[in-house]
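I opened my notebook beside this structure and wrote down what I looked up, one stop at a time. Come along and follow each entry on the model.

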Amino acid sequence: MKSSLYPLQFEPILKERIWGGEKLKTILNKPITSKITGESWELSTVEGDVSIVSNGELKGKTLMELIAEAPNELLGTKVHERFGKQFPLLFKYLDAREDLSIQVHPNDELAKERHNSFGKTEMWYVMQADADSRIIVGFKENSSKEEYLKHLKDNTLVSILDNVKTKAGDVFFLETGTVHAIGAGLVVAEIQQTSDITYRLYDFDRVDAQGNKRELHVDLALDAINYNKVNTKKKYDSKANTSNVVVDCPYFTTNFIPLESNTEISKSGETFTVYMCIDGSFEIEYDDFKHTYIKGDTVLIPAAVRLFVLNGKASILEIYIS
């Protein structure tokens with residue numbers, strides 16, 4: 001298997017959402033057919049939504065099959081030792097035509113106890129933002145369970161949450177427990193732990209096409225919420241042809257690469273690497289392999305692919321596990 005691994009792309013897993021739109025097609029070239037497509041899952045091993053290879057001789061294989069056959073070569077020695085044959089991250093693009101629900105994610109301990117799942121630490125890179133777009137991240141000031149419940153009951157929860165105006169290029173890092181919502185008019189690249197556990201707190205009293213409100217998880221969320229004010233916005237450098245650190249946490253490291261010509265990449269074999277093309281286009285050259293990636297593409301570099309070249313003019317997110 002080691003000799004046959006190469007940079008891998010996967011079929012996007014498209015998700016309709018009550019808040020979704022059509023920008024995943026118009027901006028990111030995804031093959032959507034619905035006017036309410038909210039998410040494109042680019043790399044996933046969530047049960048029922050496992051990614052399938054779309055390029056090369058391994059086309060049609062699932063990501064789980066590849067990991068089972070060659071865990072060290074695909075995941076990397078360090079990742080395999082830590083996570084076994086689990087793929088620990090989930091990669092998505094999101095289009096918020098409307099506000100997402102106000103929600104929170106549990107930490108590893110709660111998620112394991114309640115759902116036998118990882119927690120859900122995540123980050124957002126804002127790819128496109130309409131005028132006056134904003135996100136909700138945490139409380140304006142330190143709060144409490146009692147204050148939170150009072151405002152939830154009075155339908156005034158938004159008044160005590162922090163609304164942050166945002167623009168393309170902004171990055172937000174959300175530790176578990178942070179109350180949050182992506183606001184209308186944003187296209188976002190999301191990197192997170194492999195988990196689909198979300199506790200929905202408030203959904204703006206919306207109903208679906210059948211007139212039904214979505215389920216809320218108020219009781220489950222009470223012990224998951226961090227009631228203190230948090231700082232989620234990340235500053236980062238933009239030095240050309242270099243991996244500029246954006247987020248470095250126990251679950252993943254994300255770098256920003258403003259590619260202006262070409263750069264040689266050397267890896268240790270300890271971890272896989274993922275590239276998300278945020279803007280422009282770039283090419284990967286590896287042995288006899290050569291392929292061009294455009295805005296909205298995501299590519300998984302197996303750990304066995306240790307020396308390759310990036311060519312082009314693009315903005316790229318580089319993600320791996322330290």
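**Entry 1: Val-246**

I began at Val-246, which sits in strand β15. A reminder to myself before going on: this is a predicted model. Is Val-246 buried or exposed? I found a relative accessible area of 6%, and since buried means under 20%, Val-246 counts as buried.

Next I asked which residues Val-246 touches once its neighbours within four places in sequence are left aside. My list reads Val-171, Lys-234, Tyr-236, Thr-254, Asn-255 and Phe-256. I also looked up Val-126, which is 120 residues away from Val-246 along the chain. The C-alpha atoms of this pair are separated by 13 Å.

**Entry 2: Thr-253**

My next stop was Thr-253, in strand β16, which covers residues 253-259. With a relative accessible area of 2%, Thr-253 is buried. Which side chain makes a polar contact with that of Thr-253? I found Asp-248 there, at 2.8 Å.

Asp-248 also appears among the contacts of Thr-253 beyond four places in sequence. The others on that list are Val-247, Glu-318, Ile-319, Tyr-320 and Ser-322.

**Entry 3: the cores**

I then turned to the nonpolar cores. In soluble globular proteins, nonpolar side chains tend to be buried together. The largest core here has 60 residues. Which of its members touch the most others? I noted Tyr-275, Met-276, Phe-282, Leu-300 and Leu-310. Strand β18, residues 273-286, gives this core its largest share, eight residues. Apart from this core lies another of 21 residues, including Leu-157, Leu-161, Val-179 and Tyr-227.

I lingered on Phe-282 and looked up its contacts beyond four places in sequence. Among them are two residues from my list of well-connected core members, Tyr-275 and Leu-310. Phe-282 also touches Leu-259, Cys-277, His-291, Thr-292, Tyr-293, Asn-311, Gly-312, Ala-314 and Ile-316.

**Entry 4: the partners of β18**

Which way does β18 run relative to β19, residues 289-294? I found the two strands antiparallel, joined by six bridges. Within this pairing, Glu-285 stands opposite Lys-290, and Glu-283 has Thr-292 as its bridge partner. β18 and β19 form a hairpin with two residues between them. In that turn, Asp-287 has a positive phi of about 50°.

I followed β18 to two further strands. With β20, residues 298-301, β18 pairs in the antiparallel sense over four bridges, and Met-276 stands opposite Thr-298. How many bridges link β18 with β21, residues 307-320? I noted twelve, again in the antiparallel sense. Asp-279 in this pairing faces Ser-315 of β21.

**Entry 5: two asparagines with positive phi**

I closed with two loop residues. Asn-116 lies between α5 (108-115) and β7 (122-129), and its phi is near 50°, a positive value in a residue other than glycine. Asn-241 lies in the loop between β14 (233-234) and β15 (244-248). Its phi is positive too, at about 55°, although Asn-241 is not a glycine.

Why do I enter Asn-116 as exposed? Its relative accessible area is 58%, and exposed means over 50%. Asn-241, at 24% relative accessibility, goes down as partly exposed, because that class lies between the 20% and 50% cut-offs.

Technical notes:
Residues numbered from 1 in each chain as written. Predicted model: local features only at pLDDT ≥ 70, side-chain atom pairs only at ≥ 80, totals over all residues. Heavy atoms only, no water. Buried < 20%, exposed > 50% of the residue type's maximum accessible area, 1.4 Å probe, protein only. Contact = heavy atoms within 4.5 Å. Polar contact = N/O pair within 3.5 Å; in protein donor to acceptor, adjacent residues only side chain to side chain. Core = buried A, V, L, I, M, F, W, Y, C linked by side-chain atoms within 4.5 Å. Pairing = 2+ DSSP bridges.
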